[in-house]
Amino acid sequence: MSDLMYLSGYPEQLQQQVRQLIQKQQLGTWLEKRYPEKHTIQSDSALFDYVTELKNRYMRNVSAISKVRYDSKLSIVHHALGLNVRKAQLQGSKIKRKHDIIIASVFREASPEFLRMIAVHELAHLKETQHDKAFYQLCEYMEPSYHQLEFDFRMFMTHRELMKKSQNTES
């Protein structure tokens with residue numbers, strides 16, 4: 001079923017439970033009950049402060065972050081929900097490394113838990129480049145509910161897509 005593109009990697013049993021919520025038109029209600037709050041981190045500077053505080057709390061030995069920003073052009077389906085950009089600049093005989101984190105603008109309207117999940121994900125990439133066991137262990141160290149939040153965020157994205165489709169159908 002194409003309406004579950006964000007959940008295609010999950011077991012069929014979980015996908016079926018989501019389909020049932022969709023058929024009963026309860027997915028939005030379920031998400032609102034589980035994640036009723038929206039965060040207030042709307043500006044790039046507030047996002048930078050938020051991510052830097054997480055980095056300082058959990059990853060003190062990792063080099064500093066140069067920039068953190070929201071990006072409305074980040075392609076959610078084709079690329080990623082966040083990017084970790086590494087730059088190396090030669091200044092005289094020294095190499096200066098910069099780390100930028102870019103987070104999709106969809107997180108501006110998401111719950112604080114979802115913002116934390118993507119921030120943790122992108123911070124973990126500062127230390128672990130691949131999505132392997134060490135990467136996910138680091139994510140869980142920073143956010144013990146990481147896997148549940150990732151799944152729930154995928155349900156949020158599924159609901160968002162369905163709402164867009166229904167609005168386009170009504171127009």
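# A tour by selection

Start by selecting Glu-143 and Arg-116, whose side chains meet in a salt bridge at 2.7 Å, N to O. The model on your screen is a predicted one. Glu-143 sits in the loop between α5 and α6, while Arg-116 belongs to helix α4, so this pair ties together parts that are 27 residues apart in sequence. Are the two partners buried or exposed? Glu-143 is buried, with a relative accessible area of 11%. Arg-116 also counts as buried, at 17% relative accessibility. The cut-off behind both statements is that buried means under 20% relative accessible area.

**Two further salt bridges**

The structure holds 8 salt bridges. For another of them, select Arg-160 and Glu-109, where the side chains meet at 3.0 Å, N to O. Arg-160 is in helix α6 (residues 146–170) and Glu-109 is in the loop between β3 and α4, so the bridge ties together parts that are 51 residues apart in sequence. Glu-109 is partly exposed, with a relative accessible area of 40%.

Next, select Asp-71 and Arg-69, whose side chains form a salt bridge at 3.5 Å, N to O. Asp-71 counts as buried at 16% relative accessibility, whereas Arg-69 counts as partly exposed at 28%.

**The loop before α4**

Go back to the loop between β3 (94–104) and α4 (112–127) and select Ser-111. Its relative accessible area is 1%, so Ser-111 is buried. Which residues does Ser-111 touch, leaving out those up to four places away in sequence? They are Tyr-35, Glu-37, Lys-38 and His-39. Now add Glu-113 to the selection: the side chain of Ser-111 makes a polar contact with the side chain of Glu-113, at 3.2 Å.

**Leu-54 in α3**

Move to helix α3 (residues 44–58) and pick Leu-54. At 0% relative accessibility, Leu-54 counts as buried. Leaving out residues up to four places away in sequence, Leu-54 touches Met-59, Arg-116, Ala-119 and Leu-123. Arg-116 in that list is the residue from the opening stop, where the side chain of Arg-116 meets that of Glu-143. Then measure from Leu-54 to Met-142, C-alpha to C-alpha: the two are 8.2 Å apart in space and 88 residues apart in sequence.

**Helix α5**

Met-142 leads to helix α5 (residues 133–142), where Phe-135, Leu-138, Cys-139 and Met-142 are buried. Why are these four on the same side of α5? Around the helix axis they cover an arc of only 100 degrees, which puts them on one side. The general rule is that an α-helix has 3.6 residues a turn, so residues three or four places apart point the same way.

**Helix α1 and the residue after it**

Select residues 12–23, which make up helix α1. This helix has 12 residues and reaches 16 Å from its first C-alpha to its last, close to the 16 Å expected at 1.5 Å a residue. Colour Gln-15, Val-18, Arg-19, Leu-21 and Ile-22, the buried residues of α1. Looking down the axis of α1, you will find these buried residues within an arc of 160 degrees, so they line one face of the helix. Turn α1 around and select Gln-13 and Gln-23, which are exposed residues on the face turned away from the buried side.

Just after α1 comes Gln-25, with a positive phi of about 55 degrees. Most residues other than glycine have a negative phi. Gln-25 has this positive phi although it is not a glycine. Where does Gln-25 lie? Gln-25 is in the loop between α1 and α2 (27–34). At 71% relative accessibility, Gln-25 counts as exposed.

**The nonpolar core**

Finish with the largest nonpolar core, which has 46 residues. Select Leu-47, Val-51, Phe-107, Phe-114, Leu-123, Phe-153 and Phe-156, which have the most contacts inside this core. Leu-123 appeared earlier, as a residue touched by Leu-54. Which elements give two or more residues to the core? They are α1, α2, α3, β1 (67–71), β3, α4, α5 and α6. Helix α4 provides the largest share, 9 residues. In soluble globular proteins, nonpolar side chains tend to be buried together.

Methods
Residues are numbered from 1 along each chain as its sequence is written. This is a predicted model: local features need pLDDT of at least 70, side-chain atom pairs count only at pLDDT 80 or more; totals for chains, interfaces and linings use all residues. Side-chain values use heavy atoms; hydrogens and water are left out. The expected span of a helix is 1.5 Å times one less than its number of residues. Buried means under 20% relative accessible area, exposed over 50%, partly exposed in between (1.4 Å probe, protein chains only). The arc is that of the directions from the helix axis to the C-beta atoms. A polar contact is a pair of N or O atoms within 3.5 Å; within protein, one must be able to donate a hydrogen and the other to accept it, and residues adjacent in sequence count only if both atoms are side-chain atoms. Contact means heavy atoms within 4.5 Å. A salt bridge is a side-chain nitrogen of Lys or Arg within 4 Å of a carboxyl oxygen of Asp or Glu. A nonpolar core is a set of buried Ala, Val, Leu, Ile, Met, Phe, Trp, Tyr and Cys residues joined through side-chain atoms within 4.5 Å.
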